[in-house]
Amino acid sequence: MKVMFTMLGCIVTNLLSLVMILLWNQTHVTTTIVFILVNCISEEFMALMNKALQRLNQLRTFTLDLNKLRGEAKVKIIDTARYSLDIDPSQDRIDVLKRCRIAIPAEYVVADFLDGYVNDQVVDHNNNDPYEWAWDVLAHPHYQGVRVEVKTHFVHDRANHKPWINVTTGKDGLFPNGSGINLGPMFKHKVADCIIIFVAEEVSQNVIRYTPMFAGGIDHLMEVVKPSRVGAGGYIMHKF
């Protein structure tokens, strides 16, 4: 209802401001009205999109005990690890499981923070419909139901950690043939409306601290990702 009134107010304001123009030139009236409607809808969507991003940027550092995860998180961890190993059986099973066990719980924190829910579909690039899998969290309608990609960069040794995060778009795309966080689906399919990236570090056994280091849309992400100087992938500068 609030959105409807805001849009109506926008439409009325724009129509009144163009009365003299329409009286002076009565041609293309329909085109002008359509333009106003589209412009108002676009402005309102961006306002709500900004509301979701503002909310994401309010998320502060949090700590999770991996021994106390909710049941659905445990199921998704196992399913995601299994899928990853099916794609690349050469991976170490323990490493894959640990990576998923650290990354996926962050999705549930983001979902709770946006009053939404986690996508329980396991990533499947053979599925022709990326709208089913190319996002992690769906926000509540009062955050415009934005689709959020959640990524985590694990720090093994904070003292010796370099001040950047490696990213890649896979075998092709803007930052190909690199390593690190895979941004390929987000850039290629443009299904996720925004992304949040955490730096994660183990502060004690099975206790992980998550620090948000970036939250924004694709355009903002493009501003912070730089191509690698060695010609493979890209990177994002960050500091604790």
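Which residue stands opposite E201 in β8? To get there, it helps to walk through the sheet. The model is a predicted one, with local features needing pLDDT of at least 70, side-chain atom pairs counting only at pLDDT 80 or more, and totals for chains, interfaces and linings using all residues. Numbering runs from 1 along each chain as its sequence is written, and side-chain values use heavy atoms, leaving out hydrogens and water.

Six strands (strands being DSSP runs of E, at least two residues, and helices runs of H or I, at least four residues, both numbered from the N terminus) make up an open sheet with mixed pairing, in the order β1-β8-β7-β4-β3-β2. The edges belong to β1 (62-65) and β2 (117-118); each has a single partner strand, so one side of each lacks a neighbour in the sheet. Helix α5 (residues 93-113) packs on this sheet and touches β1, β2, β3, β4, β7 (194-204) and β8 (207-217), a contact being heavy atoms within 4.5 Å. The direction of α5 makes about 140 degrees with that of β4, going by axes fitted to C-alpha atoms, for helices over the stretch in contact, with angles from 0 to 180 degrees between N-to-C directions.

As for pairing (at least two DSSP bridges between two strands), β7 and β8 run antiparallel over 10 bridges, and it is R209 in β8 that stands opposite E201. These two strands form a hairpin with two residues between them, and N206 in the turn has a positive phi of about 65 degrees. On to β1, which pairs with β8 in the antiparallel sense over four bridges; here L64 sits opposite I208 in β8. Strands β3 (residues 137-138) and β4 (residues 147-155) are antiparallel too, over two bridges, with V137 opposite V148 in β4.
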